[in-house]
Amino acid sequence: MDDFTKRLVHLHHCKGIGWKTIYYLLKSDPELKSLYHINFEHLYLQNSSSITALNDLHSDLIHEKIRQYFLNDIRIITIFDEEYPPLLKETYQPPWVIYAKGDIRLLKKENLLAVVGSRQYTEYGENAIKYIIPKLIEKGIVIVSGLAMGIDAIAHHAAIQNNGHTIGVIAGGLFHIYPNANKNLAAEMMKNQLLISEYPPYTKPDRWQFPMRNRIISGISKGTFIVQAKRKSGSLITANYAVQEGREVFALPGSIFSPYSIGTNELLQQGAKLVNTPDDILEELIY
C-alpha cells in the first residue's frame with residue numbers, strides 16, 4: 001500500500017468524516033500530503049466532529065487495526081485502484097474505499113446480477129430462484145446479494161450449489177457478520193467467493209447502513225432482479241438505485257393475493273421487465 005493509499009484509508013477510518021468531506025479534501029489536496037497537518041476549518045465539520053476526527057487522525061490504534069486487516073486476508077480497494085468495480089465508479093457518490101475478503105477477481109467479471117428480495121418469503125420465491133439461477137450460472141453470470149435472511153441467502157446458496165460465483169455486500173464490517181444465522185455462509189463466501197463492505201472491518205452494523213449498502217449491490221451489477229418484495233421492502237430501495245443509475249430492473253410476477261408480491265407487481269407496473277424464464281434476464285445481459 002503506497003503512502004497516498006495509507007493516508008486515504010486512515011482518513012476513511014476517522015469518525016465524523018463522510019463522503020463529501022473526503023471529496024473536498026481530495027479536491028484541495030489530491031495526494032493528501034497535508035492530511036496530518038490539517039486544522040479545524042479545513043475539515044468542513046462542526047467543532048465536536050472536528051475534534052473526534054482529528055483525534056482519530058493522530059491515532060496509532062487505527063494504524064494497528066489496518067495492519068490487522070492484512071493478517072486476516074482482507075484486501076483494501078480504493079476508488080483509484082484497478083481492482084475497483086468499474087460499474088460502481090459510475091454511480092452517485094461511490095465508496096472511496098471497499099474492504100474485501102475472498103476472490104476479488106469477481107469484482108471485474110463482466111456480468112454481475114443483483115438478486116434480492118424479502119427476508120420473509122414463500123416456497124414460490126425459493127422455487128423461482130432454484131429454477132432461474134442455474135442457467136444464469138451456466139452463462140457465467142455472477143450473483144450479487146446482501147447476505148440477508150430469506151431471498152438473499154437463498155440466492156447465494158443457489159449460486160454456490162450450482163458451482164457458480166457470488167458476491168455478498170454487507171452492512172457493517174467484515175468482523176461483524178449480520179445476521180448470526182448466516183455466519184457459516186459468510187465464512188464459506190470469504191473463503192471461496194467474495195464478501196465486501198464499504199465500512200472498516202471493526203464497524204458494527206447499524207440500521208442506516210442497510211439501505212446504503214443496497215446502492216452498492218445495484219451499483220456493481222448490470223441489472224437487479226427482485227424476486228419477492230412487500231410494499232415497503234428494502235429490496236425496492238435496491239431497485240430504485242438501479243433505476244437511477246440506468247441499469248436493468250427485473251421482477252418476478254406474483255399472485256395478487258400474496259403480500260410478498262405486492263412490491264414486485266408494482267415494479268412491473270412501473271416498467272420493470274417481467275421474468276418468466278432465465279432467458280428473460282439473459283437476453284438483456286448477454287444475448
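## A look around a predicted protein model

With 287 residues, a compact globule would have a radius of gyration near 19 Å, and this protein comes in at 20 Å, which agrees. Keep in mind that what you have in front of you is a predicted model. Along the principal axes, the C-alpha atoms fill a box of roughly 60 × 35 × 35 Å. Here are some whole-protein values side by side.

| Property | Value |
|---|---|
| Buried residues | 53% of the 287 residues |
| Contacts (separation of 6 or more) between residues 24 or more positions apart | 72% |
| Accessible surface | about 13,800 Å² |
| Share of that surface from carbon and sulfur atoms | 49% |

**Two domains**

The protein is split into domain 1, covering 3–72, and domain 2, covering 104–286. How far apart are the C-alpha centres of the two domains? They lie 32 Å apart. The domains do touch: six residues of domain 1 are in contact with five residues of domain 2.

**The sheet**

Counting up the secondary structure gives twelve helices and nine strands. Nine strands form an open sheet with mixed pairing, and if you walk across it you meet them in the order E1-E2-E6-E5-E4-E3-E7-E8-E9. At the edges sit strand E1 (75–78) and strand E9 (273–274), each of which pairs on one side only.

Now zoom in on one pair of neighbours. Strand E3 (residues 112–116) and strand E4 (residues 142–145) run parallel, and three bridges join them. If you want a spot to find by eye, look for Leu113, which stands opposite Ile143 in E4.

What lies across this part of the sheet? Helix H9 (residues 209–219) does: it crosses E3, E4, strand E5 (166–169), strand E6 (194–197) and strand E7 (223–226). Its direction makes an angle of about 155° with E5.

**A histidine to look up**

Let's finish with a single residue. His156 is found in helix H7, which spans residues 151–161. Is His156 buried or exposed? Its relative accessible area is 0%, so it counts as buried, since the cut-off for that label is under 20%.

Which residues does His156 contact, if you leave aside its neighbours within four places in sequence? The list is Ser145, Gly146, Leu147, Thr166, Ile167, Gly168, Leu185 and Met189. Two of the strands you met earlier come up again here: E4 takes in residues 142–145, and E5 takes in 166–169.

Notes
Residues numbered from 1 in each chain as written. Predicted model: local features only at pLDDT ≥ 70, side-chain atom pairs only at ≥ 80, totals over all residues. Heavy atoms only, no water. Pairing = 2+ DSSP bridges. Helix = DSSP H or I, 4+ residues; strand = E, 2+ residues; numbered from the N terminus. Contact = heavy atoms within 4.5 Å. Axes fitted to C-alpha atoms, helices over the stretch in contact; angles between N-to-C directions. Rg over C-alpha atoms; globule rule 2.2 N^0.38 Å. Buried < 20%, exposed > 50% of the residue type's maximum accessible area, 1.4 Å probe, protein only. Areas by Shrake-Rupley, 256 points an atom, 1.4 Å probe, with all protein chains shown as cover. Domains from an automatic or database assignment.
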